[in-house]
Amino acid sequence: MDEPAGSAVIVAVDQGTSSTKALAVDVAGNVVGWGSVAVGQQHPQPGWVEQDAVEIADSAVEAVRLAVEGIADRVVGVALSTQRESAVIWDRATGEPLGPVLGWQDRRTVADAHELAAGGAGRAERVRAITGLPLDPMFSALKFAWLLDRVDPGRERSNRGELALGTVDSWLVHRLTGQFRIEAGNASRTALLDLATVDWSDELLELFRIPRATLPPVFASDAPTAPVTGLPILPAGTRIHAVLGDSHAALFGHGARTPGSVKVTLGTGSSIMGLLESRGATPDGLVTTIAWSAPAPSYAFEGNILSTGATLVWLADVLETTPADLAALAAETDRDADPGRGVDLVPAFSGLGAPWWDDDARAIISGFDLSTTRAELARAAVESIPLQIDDVLCAAESSIGRRFDTILIDGGPAANDWLAQLLADLSQRRVQRPDVAGLSALGAAHLAGIGAGIWTAEDVLALDRNGTTFEPVMSPERARARRERWRAAIGLARTPAGGSPSTP
C-alpha cells in the first residue's frame, strides 16, 4: 500500500497510566505523526491511586494536537486505546468530574470486597460466573460503589440519571463527542457486565448498589461515535471509529484473530491475553474478558499482574538510580550462579494478581545476606517480571490444555533486549517482538481504519509485523531450578503470620 500525497490519516490516542500518546497513521500503515503528554498520579494513602479526570482529557487533546500538526486536514477518523478498570464519576448536566479517577491499581476497596463476599454464600462465585472476573478491587464495580457512596450515598441523584459512571474510554468519548457510552471490552472489565448478554447484569447492579441509570449503554468496539467536537483541530464531522482497552488493542495490533496466539503487554503492570474458542468456563486463576466486539464479541482469557514496571520504578527510587540503569545493573550479575540460590523479590505491594488473586500477600525480599549487592537486588526485581508472566502462562496452559510455544510482547519494557531474552530463558518459550512502537495505539488505529473505510481487514493482517525473535539459551534444568526458587518465595509472600503457605 503506497501512500499517495495527501492521503487519509487515522489518529489514535493511547491513554495510559503515566502518559497519553497519540499516533497519526497513514494508509500505508506508517506512523507520520506522534505526540506524548505525561499524566500524574496521586497516592493520598497507602494503596490508594488517584488521577485527575480533566488532566487525562486535556492530555488527550494535547497529544492529538502534537501528532497531527501540519496534517490535521488529512484526518478521517479517530481511535481510542485506554487504560481499563479505572473509574470516573461526573455530572451528566455539566460534564464536570465529581471526584478523582480511581486508578486500576487502587486497593482502597479491599475491605469492601471481603465484606461483600462474606455477606452471602456464593456471591464471589456468582460474580465470576456472570462476568468472568473475580470479586477483586482491581475491577471497576467496587470503585464505582465507593465513588457513589461519597457523592450520592442515598442514590437519589443516581436514580434520577443525574450522575454518570464510566471507565476512561467512556469519559473520553463523553468529553470529545458528548455521547454517553462504553465499549464492550472495557465494560467487561467492570465486574458488572453479563458476558452472555453483553449488557449490565441486574443481579450484580443490585449487589454492588449501582443504579442502572448511572451507567452508559454498551457499544461495539467499531461502532462510530457522533462527530468529535472536543478536538477542533480536526475536520468537522470526524468521528471516533474504534475504541479498545489498551491490552485488547495490543492483541489486535499483533494480528491475533484466532485462538493460539498469546501476547504479553509490559507496563506498570502486565497483561497476558489470548483469544478463546468460545466464552466457556473461565480458566483457573485467570479471567475471561471480551477482547473486542466488531460487531460480535470475541472472548479472551487474561492474567493481570499488578506490578512489573512499577517494581523497577520503586527499586530504582530506593537505590537512587533510574529503571534503565537498574536493568543495566541487573545484567551485570553472574549468569552462571546457582539458580537454586540467590535473592528473590516478590512485588506484592498491593497483594498478588493472577494467577493467585491474593489480597493478603505481602511484598518480600528473600535469600539475601550481608554479601548481597545492588546488582543482585536489581536482578531479583527484573527477574520478577518474567517469573510472574510464566506463572500466568502455566495456569493458562493447565486450564486450556494448550502449550504456548511463542509469546508476543509489546509495551515500553519490551524494548529491553536483555529482559526479552530473560523471558525466553526462564519461560523456555520463543519470544517475538514486533519492530513497531506503540502497538496499543496501532491496534486501535487498525480497527478504526477498517471502520473508516481506508483499509480492509485483509489489508491490516497483511501489514509487516516482522520483528526480533528471542530463543531460549538457558538449559531447561537451570530454568526449572530458578522457577522452583521463585515458587518458594511466592509461598513465603502468601504465608499468613505464624502459619503455613496459602494455596491458590
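A salt bridge is a side-chain nitrogen of Lys or Arg within 4 Å of a carboxyl oxygen of Asp or Glu. With this term in hand, the reader can follow several features of the structure above, which is a predicted model. A search of the whole structure finds 33 salt bridges, and six residues, Asp390, Glu397, Arg403, Asp405, Arg429 and Arg483, are linked in a network of them.

Before going further, it is useful to consider the confidence of the prediction. The mean pLDDT of the chain is 91, and 96% of its residues reach 70 or more. Residues 497-504 call for caution, since pLDDT stays under 50 over this stretch. For these residues the model has 10 contacts beyond four places in sequence.

Asp405 is one member of the network just named. Asp405 lies in the loop between helix H12 (374-400) and strand S20 (406-410). Its relative accessibility is 46%, and because residues between 20% and 50% are classed as partly exposed, Asp405 counts as partly exposed. The side chain of Asp405 is joined to that of Arg403 by a polar contact of 3.1 Å. Beyond its neighbours within four places in sequence, Asp405 is in contact with Arg429 and Arg430. The C-alpha atoms of Asp405 and Val431 are 8.6 Å apart in space, although 26 residues separate the two in sequence.

A further set of salt bridges can be followed from Arg84. Arg84 forms a salt bridge with Asp246, in which the closest N and O atoms are 3.7 Å apart. Arg84 lies in the loop between strand S5 (75-82) and strand S6 (88-91), while Asp246 belongs to helix H9 (residues 246-253), so the pair ties together parts that are 162 residues apart in sequence. Both Arg84 and Asp246 are buried.

Arg84 also meets Glu302 in a salt bridge, with a distance of 2.8 Å from N to O. Here Arg84, in the loop between S5 and S6, is paired with a residue of strand S17 (residues 297-305), so parts that are 218 residues apart in sequence are tied together. The relative accessible area of Arg84 is 5%, which means that this residue is buried. For Glu302 the value is 0%, and Glu302 is therefore buried as well.

Glu302 in turn forms a salt bridge with Arg189, at 2.7 Å from N to O. Glu302 lies in strand S17 and Arg189 in the loop between helix H7 (184-187) and strand S10 (193-194), so this pair ties together parts that are 113 residues apart in sequence. Arg189 has 0% relative accessibility and so counts as buried.

Phe180 offers a case of a nonpolar side chain. Phe180 is found in the loop between helix H6 (168-177) and strand S9 (182-183). Because its relative accessibility is 13%, Phe180 counts as buried. Not counting residues up to four places away in sequence, Phe180 touches several residues, among them Trp90, Arg92, His174 and Pro216. The C-alpha atoms of Phe180 and Pro216 are separated by 5.5 Å, and the two residues are 36 apart along the chain.

The last stop is on the surface. Trp314, Val318, Phe349, Ile365 and Phe368 form a nonpolar patch there, with about 460 Å² of accessible area together. Val318, one of these residues, is found in helix H10 (residues 309-318). With 47% relative accessibility, Val318 counts as partly exposed.

Technical notes:
Residues are numbered from 1 along each chain as its sequence is written. This is a predicted model: local features need pLDDT of at least 70, side-chain atom pairs count only at pLDDT 80 or more; totals for chains, interfaces and linings use all residues. Side-chain values use heavy atoms; hydrogens and water are left out. Patches are made of residues with over 30% relative accessible area and no salt bridge: like charges are joined within 9 Å, nonpolar side chains (Val, Leu, Ile, Met, Phe, Trp, Tyr) within 5 Å. Accessible areas come from the Shrake-Rupley method with a 1.4 Å probe; for residues, only the protein chains shown count as cover. Helices (H or I, at least four residues) and strands (E, at least two) are DSSP runs, numbered from the N terminus. Buried means under 20% relative accessible area, exposed over 50%, partly exposed in between (1.4 Å probe, protein chains only). pLDDT is the predictor's confidence in each residue, from 0 to 100. Contact means heavy atoms within 4.5 Å. A polar contact is a pair of N or O atoms within 3.5 Å; within protein, one must be able to donate a hydrogen and the other to accept it, and residues adjacent in sequence count only if both atoms are side-chain atoms.
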